Structure formats: structure tokens, C-alpha cells
Amino acid sequence: MGAVLRVEFNGRELARLRMAQGVDPLWEIAASLHRLQNRRAALVYDPWRREVGAALERAGLLPAVRGLMLIFPAATYFPDFLTPGCADPDLDAGVDKVLSTPRHRLAAELSRLYPGSPLPHGLRRLAEGDLDALRRLGSALRRYYALAVAPYLPAIRAEVAADRAQRAEAALTGGAEGLLASYGVLPGWTCDGTALRTPYPVRRELRLRGRTLTLVPGFFCVRSPLALADEELPPVLVHPLSPTPGWLERSRPSEAAPPAAQLIGTSRAQLLQLLDRPMTTTGLATALALAPSTTSRHTSVLREAGLLISRRQGGSVLHRRTALGEAVLEGALR
């Protein structure tokens with residue numbers, strides 16, 4: 001077995017384990033920049049790599065992205081100040097936190113990228129807290145996100161919503177221990193009682209010391225989790241969502257409305273498409289960017305038509321597509 005990350009939980013730490021509510025833009029920026037720098041999970045991400053590479057070139061953003069790759073290397077370490085939140089969905093708020101990092105911390109964390117060597121000129125100005133360098137960093141983060149992450153948010157949110165439904169069901173059935181154990185289905189991840197072990201570039205133990213661990217879903221995260229290097233910071237573990245090959249093509253709307261959309265409407269057809277696995281009303285609402293009340297009305301109509309079934313699981317209601325719903329979705333019924 002290769003190097004692993006190990007997290008030990010006592011009873012209090014296990015009870016305080018929490019899931020992030022949604023997508024963290026800055027963690028997705030970090031992980032997607034890693035995907036651009038290597039060919040890991042080629043079948044899953046190569047179509048995205050080609051599309052984003054072309055978009056960055058058309059926008060004249062390649063030099064700025066090469067600059068971002070200097071501080072987001074696909075390596076064991078990148079600076080913690082670049083990912084300051086715990087699944088804060090507001091990109092602008094996150095970028096503002098990055099740009100307000102104290103100068104001493106900028107210098108200390110950027111210096112770890114080049115141990116024993118002087119920083120490149122551009123990074124040296126950033127490490128000194130130069131205002132122009134900070135403004136360029138903020139602009140590059142926002143522009144990169146707009147081209148490489150934002151256009152894919154519907155697919156990302158759908159994966160996050162499905163994952164959250166799975167974790168919620170595990171927690172409702174088995175409590176905190178059940179929630180922790182649910183991560184054992186990820187490739188190479190194991191859960192033995194109150195210890196979690198995951199693949200990792202180096203051997204490491206993440207010590208919680210009574211604090212809350214926040215588990216953040218990462219669409220562009222592959223196999224190994226991402227974690228903050230400084231263990232004095234609030235502990236965060238970004239775990240992979242493992243989208244399947246073809247996700248990019250499936251997320252594209254077709255030129256003509258599919259038969260299901262013509263029959264039951266676009267929103268309800270999209271809702272049915274999400275139900276490859278059980279999902280809660282809240283998860284569906286998040287994935288479709290609809291109000292929970294609107295989503296509830298859609299599920300009621302689809303349930304009455306026999307296209308989905310719903311069952312209560314603890315405090316939530318889980319919806320699943322029926323065989324009839326599958327047939328309508330595939331256009332088998334006219």
C-alpha cells in the first residue's frame with residue numbers, strides 16, 4: 001500500500017463531523033488547475049481539458065493561467081491562503097479573503113513552494129504584499145473561474161447534490177459512524193471504526209484535537225483528498241466526487257427538446273434525468289437551481305404520473321425514477 005492520510009476520531013470529533021452544503025469555488029479552482037497540469041482520469045476530464053484550453057486561448061488568458069499554476073502546482077503542497085473558506089459558495093467573498101491575507105503569511109506560505117531557492121520575480125512581489133500583484137491575482141482567479149468552472153456548474157451541482165443525498169441517507173441510517181463509513185466506497189478509502197484512511201501523496205496524520213472536520217465535495221478532485229497544510233487552521237478535507245466518463249456531453253442541452261421535455265416540460269425532464277440514484281427534494285432543488293417549493297410541486301406531478309416514487313428515510317424524502325419514468329425519459333413512449 002502507498003502513502004496514506006489517516007484521520008482518527010474520538011467520540012466528540014466524530015459527533016462534530018460535518019458536510020459542506022455545496023460547491024467551494026476556490027477549492028474547485030485549485031483542483032481544476034491540477035487537472036490541467038496532468039492527465040489523471042483522462043477519460044473523465046480530457047474533453048473538459050480540451051474545451052477549457054481552447055476557451056482560455058481565445059480569451060488570451062493562457063499567460064495568467066500559467067502564473068496561477070506557479071502557485072497552484074499539481075504537487076504535494078500549495079499555499080493554504082488560496083483556499084480560505086469551508087465551502088463558501090460566494091466566489092467574490094472568497095477572493096476578497098485571499099487578497100486580504102497578511103503579508104507575513106503570504107511570504108511564509110509562498111516561500112514553501114521554493115525551499116532553498118529565491119522566489120520568481122512575480123511571486124516575490126506577491127509575497128511582499130504588492131497591491132498590483134494582489135489585484136492581478138484576484139483578476140486571474142475570477143477570469144479563470146468564469147471560463148473553467150462556472151460554465152460547468154450545472155453538472156458540478158448535480159454531482160454535489162447526489163453525493164449529499166447519499167451522505168445524508170448514511171447519516172440518518174447509521175448516525176455519525178454511518179456518515180464516516182459512507183466514504184469507504186471511494187476507491188482506496190477505508191474506514192475502520194473511527195479511523196479514516198485515504199490515498200495521499202505522502203504519509204500524513206491529520207490531527208483534529210477536538211475540532212470540527214468539514215468534508216467538502218470536490219468535482220475536480222481525483223482519488224486523493226485535498227487538505228490544508230497548516231494544521232493550526234480549521235481542518236478541511238476535500239473528497240472526490242468521481243464523475244463518470246461522458247459527464248460533459250450529458251450536461252449539454254440538445255439542439256431540439258428531447259421527447260420527455262416535449263411531453264412533461266424541460267424542468268421535469270431535467271429532474272427525471274437526475275434520478276439515476278435516489279435524491280432528496282433539497283438535493284434536486286440545489287442541482288436544478290429551483291426553489292424547494294417548486295421542486296416539490298414537480299415531484300408531486302411526476303409521482304402522480306407514475307414516473308417517480310418517493311419514500312421517507314428518517315427526516316428526508318428520497319425520490320427515485322421508475323421504469324415508466326425511464327421509458328419516458330428515453331423517448332420510448334410516444
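# Close-up views of a predicted model

**View 1. Helix 9 is the main contributor to the wall of the largest cavity.** With 4 residues, helix 9 gives the most to the lining of the largest cavity. Keep in mind that everything shown here comes from a predicted model. Helix 9 covers residues 153–181, and strand 6 also supplies at least two residues of this lining. The space inside the largest cavity comes to about 60 Å³. Around that space you'll find M19, A20, V160, D163, R164, R167, Y183, L215, P217 and H239. Sorted by class, the lining has 6 nonpolar, 1 polar and 3 charged residues. If you count cavities of 30 Å³ or more, you get 3.

**View 2. R167 lies over the face of Y183.** Here we stay with two residues that line the largest cavity, R167 and Y183. How far is R167 from the ring centre of Y183? The distance is 4.0 Å. There's another arrangement of this kind to look for: the charged end of R112 sits over the ring of Y77, 4.3 Å from its centre.

**View 3. The second largest pocket has a lining of 25 residues.** Its volume is about 420 Å³. Want to find the middle of the second largest pocket? Look for A75, T76, P201, P225 and L226, the lining residues that lie nearest its centre. Helix 2 (25–37) and strand 7 (226–227) each bring at least two residues to the lining of this pocket. Helix 2 gives the most, with 3 residues. By class, the lining of the second largest pocket breaks down into 16 nonpolar, 4 polar and 5 charged residues.

**View 4. Y45 and F220 make a tilted aromatic pair.** A search of the whole structure turns up 8 aromatic pairs. In the pair of Y45 and F220, the rings are 5.8 Å apart centre to centre, with 35° between the planes. Y45 belongs to helix 3 (residues 42–58) and F220 to the loop between strand 6 and strand 7, so this pair ties together parts that are 175 residues apart in sequence. Are these two residues buried or exposed? Y45 is buried, at 2% relative accessibility, and F220 is buried too, with a relative accessible area of 0%.

**View 5. W48 also pairs with F220.** The ring centres of W48 and F220 are 4.7 Å apart and the planes meet at 45°, so this pair is tilted. W48 sits in helix 3 and F220 in the loop between strand 6 and strand 7, so the pair ties together parts that are 172 residues apart in sequence. W48 counts as buried, at 0% relative accessibility. Step back a little and you can trace one aromatic cluster made of Y45, W48, Y152, F219, F220 and W247.

**View 6. D96 and R142 form a salt bridge between two helices.** The structure holds 13 salt bridges. In the one between D96 and R142, the closest N and O atoms are 3.4 Å apart. D96 lies in helix 5 (residues 91–99) and R142 in helix 8 (residues 131–148), so the two tie together parts that are 46 residues apart in sequence. D96 is partly exposed, with a relative accessible area of 45%, and R142 counts as partly exposed at 29%.

**View 7. R135 and D132 form a salt bridge inside helix 8.** What separates the closest N and O atoms of R135 and D132? They are 2.4 Å apart. Both residues lie in helix 8, 3 residues apart, which is about one turn of the helix. R135 is exposed, with a relative accessible area of 52%, while D132 is partly exposed at 37%. Elsewhere, salt bridges that share partners join R39, D46 and R49 into one network.

**View 8. R39 and D46 form a salt bridge.** Their closest N and O atoms are 2.3 Å apart. R39 counts as exposed, at 56% relative accessibility, whereas D46 is buried, at 12%.

**View 9. R209 and S242 have a positive phi.** The phi of R209 is about 50°, although R209 is not a glycine. R209 is found in the loop between strand 5 (204–206) and strand 6 (214–218), and at 48% relative accessibility it counts as partly exposed. For S242, phi is near 60°. S242 lies in the loop between strand 8 (236–240) and helix 10 (247–250), and S242 counts as partly exposed at 40% relative accessibility.

Notes:
Residues are numbered from 1 along each chain as its sequence is written. This is a predicted model: local features need pLDDT of at least 70, side-chain atom pairs count only at pLDDT 80 or more; totals for chains, interfaces and linings use all residues. Side-chain values use heavy atoms; hydrogens and water are left out. Buried means under 20% relative accessible area, exposed over 50%, partly exposed in between (1.4 Å probe, protein chains only). On a 1 Å grid over the protein atoms alone, a cavity is a set of points where a 1.4 Å probe fits but cannot get out, and a pocket is an open set with protein on both sides within 12 Å along at least five of seven lines; lining residues have an atom within 4 Å of a point. Grid points are joined across faces, edges and corners, and a volume is the space filled by probe spheres set on the points. Ala, Val, Leu, Ile, Met, Phe, Trp, Tyr, Cys and Pro count as nonpolar, Asp, Glu, Lys and Arg as charged, and the others, Gly among them, as polar. A salt bridge is a side-chain nitrogen of Lys or Arg within 4 Å of a carboxyl oxygen of Asp or Glu. Rings of Phe, Tyr and Trp (its six-membered ring) pair if their centres lie within 6.5 Å; planes under 30 degrees apart count as stacked, over 60 as edge-to-face and the rest as tilted. A charge sits over a ring if NZ of Lys or CZ of Arg is within 6 Å of the ring centre and within 35 degrees of the ring normal.
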